[in-house]
Amino acid sequence: ATDVELDGNGRVLLPQLLRDYAHLDKHVVMIGQGNKFEVWDDALWQSRREQWLIDESSREDGLPDEIKTFSL
């Protein structure tokens, strides 16, 4: 994590070290709540999301069906 400043157009430039660490390319997903968020590579996020949903659905007290397809 690092503090960054917005540029004149309201954009955030992530340092190269963080872009490399997160394997960020052209398409990213911002996931957050409140005043914090995470930036994920889109393909990696979709893969992890699918795995988490599979893991949750296999639990007896897993997620309801309505939540499994929920997207913002």
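Helices, of at least four residues, and strands, of at least two, are DSSP runs numbered from the N terminus. The exercises below use this convention on a predicted model.

**Exercise 1. The segment before H1**

Determine where Val12 is placed and whether Val12 is buried, partly exposed or exposed.

Solution.
Step 1. Val12 belongs to the segment before H1.
Step 2. The class "partly exposed" lies between the buried limit, under 20% relative accessible area, and the exposed limit, over 50%.
Step 3. Because its relative accessibility is 41%, Val12 counts as partly exposed.
Step 4. Along the chain, Val12 and Asp55 are 43 residues apart, and 34 Å separates their C-alpha atoms.

**Exercise 2. A nonpolar patch**

Identify the residues that form a nonpolar patch on the surface, and state their accessible area together.

Solution.
Step 1. A residue needs over 30% relative accessible area and no salt bridge to be part of a patch.
Step 2. Val4 is partly exposed, with a relative accessible area of 33%; the place of Val4 is in the segment before helix H1 (16-21).
Step 3. Val12, at 41% relative accessibility, is partly exposed as well.
Step 4. Together with Leu6, Val4 and Val12 form the patch, with about 240 Å² of accessible area together.

**Exercise 3. Salt bridges**

State how many salt bridges the structure holds, and describe the partners.

Solution.
Step 1. The structure holds 2 salt bridges.
Step 2. Asp7 pairs with Arg11, with 2.8 Å between the closest N and O atoms.
Step 3. The partners fall into these classes: Asp7 is partly exposed, with a relative accessible area of 32%, and Arg11 counts as exposed at 51%.
Step 4. Glu50 forms a salt bridge with Arg49, where the closest N and O atoms are 3.2 Å apart.
Step 5. Glu50 counts as partly exposed, at 39% relative accessibility.

**Exercise 4. The hairpin**

Describe how strands E1 and E2 pair, and which residue between them takes a positive phi.

Solution.
Step 1. E1 covers residues 28-33 and E2 covers residues 36-41; the strands pair in the antiparallel sense over 6 bridges.
Step 2. Gln33 stands opposite Lys36 in E2.
Step 3. The hairpin has 2 residues between the strands, and Gly34 takes a positive phi near 65° there.

**Exercise 5. A buried acidic residue**

Find the side chain of opposite charge nearest to Asp41, and name a backbone atom that the side chain of Asp41 reaches.

Solution.
Step 1. Asp41 lies in strand E2.
Step 2. Side chains of opposite charge can pair when their charged atoms come close.
Step 3. The nearest side chain of opposite charge is that of Arg48, 10 Å away, and Asp41, although buried, has no salt bridge.
Step 4. A salt bridge requires a separation within 4 Å.
Step 5. The side chain of Asp41 reaches the backbone nitrogen of Leu44 at 3.2 Å.

**Exercise 6. Two residues on either side of H1**

Locate Pro15 and His23, and assign an accessibility class to each.

Solution.
Step 1. Pro15 is found in the segment before H1, and His23 lies in the loop between H1 and E1.
Step 2. With a relative accessible area of 32%, Pro15 is partly exposed.
Step 3. His23 counts as exposed because its relative accessibility is 56%.
Step 4. Phi of His23 is near 55°, which is a positive value in a residue other than glycine.
Step 5. From C-alpha to C-alpha, Pro15 and Arg59 are 39 Å apart in space, and in sequence they are 44 residues apart.

Key
Residues numbered from 1 in each chain as written. Predicted model: local features only at pLDDT ≥ 70, side-chain atom pairs only at ≥ 80, totals over all residues. Heavy atoms only, no water. Patch = residues over 30% accessible without salt bridge, like charges linked within 9 Å, V, L, I, M, F, W, Y side chains within 5 Å. Areas by Shrake-Rupley, 256 points an atom, 1.4 Å probe, with all protein chains shown as cover. Buried < 20%, exposed > 50% of the residue type's maximum accessible area, 1.4 Å probe, protein only. Pairing = 2+ DSSP bridges. Lys, Arg positive; Asp, Glu negative; His and termini not counted. Polar contact = N/O pair within 3.5 Å; in protein donor to acceptor, adjacent residues only side chain to side chain.
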